[in-house]
Amino acid sequence: MDIEIWLNNFYPEILSDFGFNYKDDERAAKLMHELGGEKLLDSSILLEKIKGKDVIVIGGAIDESDVEILKDSNWMRITAGKSILKIRELIPNFIPDIHVTDLEEPDELLIELERRECILVLHAHGDNIDRIRSVVPKLGRFVATTQTQPFDKVYNFGGFTDGDRAAIIAKTFKAKTIRLIGFDFDKAEGIKLKKLRWAKKILEFEGLL
């Protein structure tokens, strides 16, 4: 997504809709940068991983019917947030190629993914500052993202939820094809449903739905 479209259109509307404070988002991004230091990866690693590949982006509504395609090594696999927990119920010890998350999963799982050569894309926002403090010092390397103004290896590719952000990353870094599985924009209530509606709107804008 074009950064100006995100910062001038989507992001202000999301802040208003949810009552979020951009200063909290900025503070989270600065903290991730400070704690990340030399652990912060250049985004070129995502281009190396994704460019020209057939990519599956895996959302949280994944189920048994998707197991076979997850095992197909012809696909480059990007997991979004807590979808990794559901996948692991179906395929124990599953390791994606890239994992995009705002850190809601257990520390131990994120540490394991990174140690087993999965590229972590960690997102900073105002509500996960405590998780940043907990997780980042335990990791060796990761790509950092923010929903505010990007700076010095803290990137903003666009996207609001882990799922739509993961799909946008696949598009940004020139995937040959992008297939979304485990995406259900109605299977939630309350604030979660509102977040999914935004995810759907963003994916439609990007031509990914």
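## Contacts around Ile50

Two residues are said here to be in contact, or to touch, when heavy atoms of theirs lie within 4.5 Å. In this predicted model, and leaving aside residues up to four places away in sequence, Ile50 touches Val55, Met76, Ile78, Ile98, Ile169, Ala170, Phe173, Lys174 and Ala175. Among these partners, Ile169 and Ala170 are buried residues of helix H8, while Lys174, just after that helix, takes a positive phi of about 65°.

## Overall form

The protein has nine helices and seven strands, and its C-alpha atoms fill a box of roughly 45 × 35 × 30 Å when this is taken along the principal axes. Because a compact globule with 209 residues would have a radius of gyration near 17 Å, the 16 Å of the protein agrees with that form. Of the contacts with a separation of 6 or more, 60% are accounted for by residues 24 or more positions apart.

## Surface and charge

Buried residues make up 53% of the 209 residues. The protein exposes about 9900 Å², and carbon and sulfur atoms supply 47% of that area. Its side chains include 31 positive and 37 negative ones, and the centres of these two sets lie 2 Å apart.

## The nonpolar cores

The largest nonpolar core holds 41 residues, of which Trp6, Leu46, Ile50, Ile78 and Ile98 touch the most other members. Two or more residues are given to this core by each of several elements, namely the helices H1 (3-18), H3 (44-50), H8 and H9 (190-205), together with the strands S1 (54-58), S2 (76-80), S3 (98-101) and S4 (119-124). The largest share, seven residues, comes from H1. Apart from this core lies another, of 35 residues, which includes Leu40, Ile58, Val67 and Cys118.

## Helix H8

Helix H8, which spans residues 162-172, is mostly covered, with nine of its eleven residues buried. These buried residues are Asp162, Gly163, Asp164, Arg165, Ala166, Ala167, Ile168, Ile169 and Ala170, so that charged side chains, Asp and Arg by the counting used here, stand in the list beside nonpolar ones such as Ile169.

## His99 in strand S3

His99 lies in strand S3, and it counts as buried because its relative accessibility is 0%, where the limit for a buried residue is under 20%. Not counting residues up to four places away in sequence, His99 touches Thr79, Ala80, Gly81, Ile84, Glu105, Leu110, Leu113, Cys118, Ile119, Leu120 and Val121. One of these partners, Cys118, is among the residues of the 35-residue core.

Methods. Residues numbered from 1 in each chain as written. Predicted model: local features only at pLDDT ≥ 70, side-chain atom pairs only at ≥ 80, totals over all residues. Heavy atoms only, no water. Buried < 20%, exposed > 50% of the residue type's maximum accessible area, 1.4 Å probe, protein only. Helix = DSSP H or I, 4+ residues; strand = E, 2+ residues; numbered from the N terminus. Rg over C-alpha atoms; globule rule 2.2 N^0.38 Å. Areas by Shrake-Rupley, 256 points an atom, 1.4 Å probe, with all protein chains shown as cover. Charge placed at Lys NZ, Arg CZ, Asp CG, Glu CD. Core = buried A, V, L, I, M, F, W, Y, C linked by side-chain atoms within 4.5 Å.
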